[in-house]
Amino acid sequence: MAEKVGYIHKSYGTTATLFAIVCLLTVTTRFYKVEEPDHVCWDETHFGKMASWYINRTFFFDVHPPLGKMLIGLSGYLTGYDGTFAFDKPGDKYENASYVGMRLFCTSLGASVVPMAFLTVNQMTSSPTAALFSSLLILFDVGLITLTQYILLDPILLCFMMGSILGAIKVSYNTADEFSPRWWIWLIFTGTMLACCCSVKFVGLFVVLLVGLITIADLWNILGDLTKPVVDAVKHLCARAICLIALPICLYICFFYIHLTVLNRSGNGDGFYSSAFQSQLIGNSLYNASMPHQVAFGAVITLKNQRAGGGYLHSHFHLYPDGMGARQQQITTYTHKDDNNKWMIKKYNAEELSEGEIVRSGDLVRLEHVATRRNLHSHKEQAPITKKHFQVTGYGENGTGDANDVWRILIKGAKDGTEVTAVTAKLKLVHYLQSCVLTTTGKQLPKWAYEQQEVSCSANLRDAYALWNVEENIYDKLPNVNFEVYAPSFWERFLESHAVMFQGNAGLKPKEGEITSRPWQWPINYRGQFFSGAQYRIYLLGNPVIWWSNLVFIALFLIIFFVNAVKQERGYFKSFSEPNKMKLKACAWLFLGWLLHYVPFWAMGRVLYFHHYFPALLFSSMLTGILMDYILDQFPKLFHEQHTHFVYHTCIGIFLSVVLYSFYLFAPLAYGMNGPSSNEPNSTMHGLKWMETWEF
């Protein structure tokens, strides 16, 4: 018994020593040169700007949930950043701006991934060696260093993702007595990490799915344990439902409540949201505004599309180019407030109006663009992008056009004769002659239309995007009402925020000159991304030795798993030894984690970038570390006893040397390169350009 206790203490001491070494190396590699370069790098221009908006309480639109940006803003505020730096473009010098605090915060969270990987693998395998291998593969990947040293969402996401996995494994592997305070702490920790992960980026849902599968497997095993009553399984189910479902949902909603409360001032993202939503933002033209509730003939109005993220009906003096239907004035939707969004609503057949005559559902109207005095018009010409739709143009002179300028205005769900009201009424504009409905396709027009969105006339009168509402309603002959009557509740704003985010995410398109990539390129490290150009170059690229080894070990795992399954089925052995069983089970879960964080990107239509692969990389690196330890443990079966010790330690030495040397070679990609680029023979990086697609 004393010998066993001594072995446990020795094993614990070895694990603690290795963990301390990993932590020390993590701090050394992650925080080295964290303040360099002293200019804006890559997407710092976006997330630094958003941190400023949080500090200034200015509302904005983004495709990601708010937690990561709120934390960056909070870290900046607490470390002396005042929210005044512009973050205009990559390469801008920070000068006197206090940017280091935000970088240190993001780097700290990104650095926590390495020790959490060590703890996770050690828990899954009870092997300090496997934990060391896995954590070193993550620690010495130059791509992860690059991605976690800047003001970005990625280090925050990776931290919460790894925290979710660590918590789930701690609960699953029974590190504490069931329902003890320590057990509850780990379960609550897991739920909190899941909420935080999903609140940074929606790809956090992949972690939720993985933790959900681990939880289902645990509950199934508990139900199958005949030494325990069924009521135990019910207790576990309730505990997990509370901590892993109810708690994350409540926290997620709380983060949005804080987000919507803090950002109470109007910003340049207002136009993506509904008129009622905008009325709650200080400084917006609709905030505390007064305008007529009813819409009258002769009123100057703006029409906002009701689809999530929909813009305003817009026109300008520019014409459609040759080959894009009739060469008449362009009609688009534009997501920002602008005088070119204003239209006068007129009777279809009379210039002289009865004072205060209200527009009603079923009326025939003309819409005259205030700035250019041309009428909203459609005809049997193809729309510029959606060829099945008719083109919509601005036509006529000084408000005089032809019969193709006439539209029937209809209120959704209302009878003819119902009064048209501002903000609340959902309107359709049906062309009188062509029997098509005014709609926006959501498709972005080329540069000749300033990349605004296409407006067309669809023969499908039930087109989901053909609903509009009157936002501004300028008419001095009717009494005004305060916009407070349209104020939405928190839940309405919460749901609308998600609709706009999903719409924005699905419609993301690459900017001109931007380097994008496809999922097949990621695991092979096909091409990286420039974080910083010019004299001080930072290039996001994975350590090729680690990345290519991960692919080999994923293939090896599938082979080993299949061969062992066949052997067991054929009766070559009755069951796996406990250590081997734990390692293969851990590899199976990590392989599933890799699949869940990689395969879904193949089905995504939105623009994708190289950095999207890094969550999957963590799983493949941990799998490699465990499988390497598994293979080394098979050496006694392959070599004579007197040679096993030598071969075992030689292999470990080779592994550590190769990983460390490859890190030494490629570290300049993360810490900064000067001098000629790798394409030039006199460059210090010339010999490391192993693939033509690498551009450092």
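User: Where does asparagine 288 lie, and what makes its phi stand out?

Analyst: In this predicted model, asparagine 288 sits in the loop between helix H12 (275-278) and strand E1 (290-292). Its phi is near 55°, a positive value in a residue other than glycine. Most residues other than glycine have a negative phi, and that is why a positive one is worth pointing out.

User: What is the phi of asparagine 525, and why is this residue called buried?

Analyst: Phi of asparagine 525 is near 60°, again positive in a residue that is not glycine. This asparagine belongs to the loop between helix H13 (490-506) and strand E15 (529-532). Its relative accessibility is 0%, and buried means under 20%, so asparagine 525 counts as buried.

User: Which peptide bond is cis, and what is its omega?

Analyst: The cis bond joins glutamate 36 and proline 37, with omega at about -10°. Proline 37 is placed in the loop between helix H1 (2-31) and helix H2 (44-56). For context, most peptide bonds are trans.

User: Happy to move on to helices. Why is H5 called oblique to H16?

Analyst: Helix H5 (residues 113-125) and helix H16 (residues 614-632) pack at an angle of about 45°, and their axes are 11 Å apart. Angles under 35 degrees would count as roughly parallel, and 65 to 115 as roughly perpendicular. An angle of about 45° fits neither range, so H5 is oblique to H16. The crossing of these two helices is right-handed.

User: Which residues meet there, and what classes do they fall into?

Analyst: From H5 come Val113, Ala117, Val121 and Thr125, and they meet Leu618, Met622 and Ile626 of H16. By class, that contact has 6 nonpolar residues, 1 polar and no charged ones.

User: How do H9 and H11 cross?

Analyst: The axes of helix H9 (residues 181-198) and helix H11 (residues 230-262) come within 8 Å and cross at roughly 40°. This crossing is right-handed. Residues in the contact include Trp183, Trp184 and Leu187 in H9, and Leu244, Leu247 and Phe255 in H11. The contact of H9 with H11 has 16 nonpolar, 4 polar and 1 charged residues.

User: On to aromatic rings: how many pairs are there, and what makes tryptophan 547 and phenylalanine 610 a tilted pair?

Analyst: The count comes to 53 aromatic pairs. For tryptophan 547 and phenylalanine 610, the distance is 5.4 Å centre to centre, with 35° between the planes. Rings pair if their centres lie within 6.5 Å, and planes under 30 degrees apart count as stacked, over 60 as edge-to-face. An angle of 35° falls between those limits, so this pair is tilted.

User: Why can one say that the pair ties together separate parts?

Analyst: Tryptophan 547 lies in helix H14 (residues 544-570) and phenylalanine 610 in the loop between helix H15 (578-598) and H16, so the pair ties together parts that are 63 residues apart in sequence. Tryptophan 547 is buried, at a relative accessible area of 2%, and phenylalanine 610 is buried at 2% too.

User: Why are the rings of phenylalanine 557 and phenylalanine 591 called tilted?

Analyst: Their centres are 5.7 Å apart and their planes are at 45°, so the pair is tilted. Phenylalanine 557 is in helix H14 and phenylalanine 591 in helix H15, 34 residues apart. Phenylalanine 557 has a relative accessibility of 3% and phenylalanine 591 has 15%; with the cut-off for buried at under 20%, phenylalanine 557 counts as buried, and so does phenylalanine 591.

Methods: Residues numbered from 1 in each chain as written. Predicted model: local features only at pLDDT ≥ 70, side-chain atom pairs only at ≥ 80, totals over all residues. Heavy atoms only, no water. Axes fitted to C-alpha atoms, helices over the stretch in contact; angles between N-to-C directions. Helix = DSSP H or I, 4+ residues; strand = E, 2+ residues; numbered from the N terminus. Parallel < 35°, antiparallel > 145°, perpendicular 65-115°, else oblique. Left-handed = near helix turned anticlockwise from the far one by under 90°. Contact = heavy atoms within 4.5 Å. Nonpolar A, V, L, I, M, F, W, Y, C, P; charged D, E, K, R; others polar. Phe/Tyr/Trp six-rings, centres within 6.5 Å; stacked < 30°, edge-to-face > 60°. Buried < 20%, exposed > 50% of the residue type's maximum accessible area, 1.4 Å probe, protein only.
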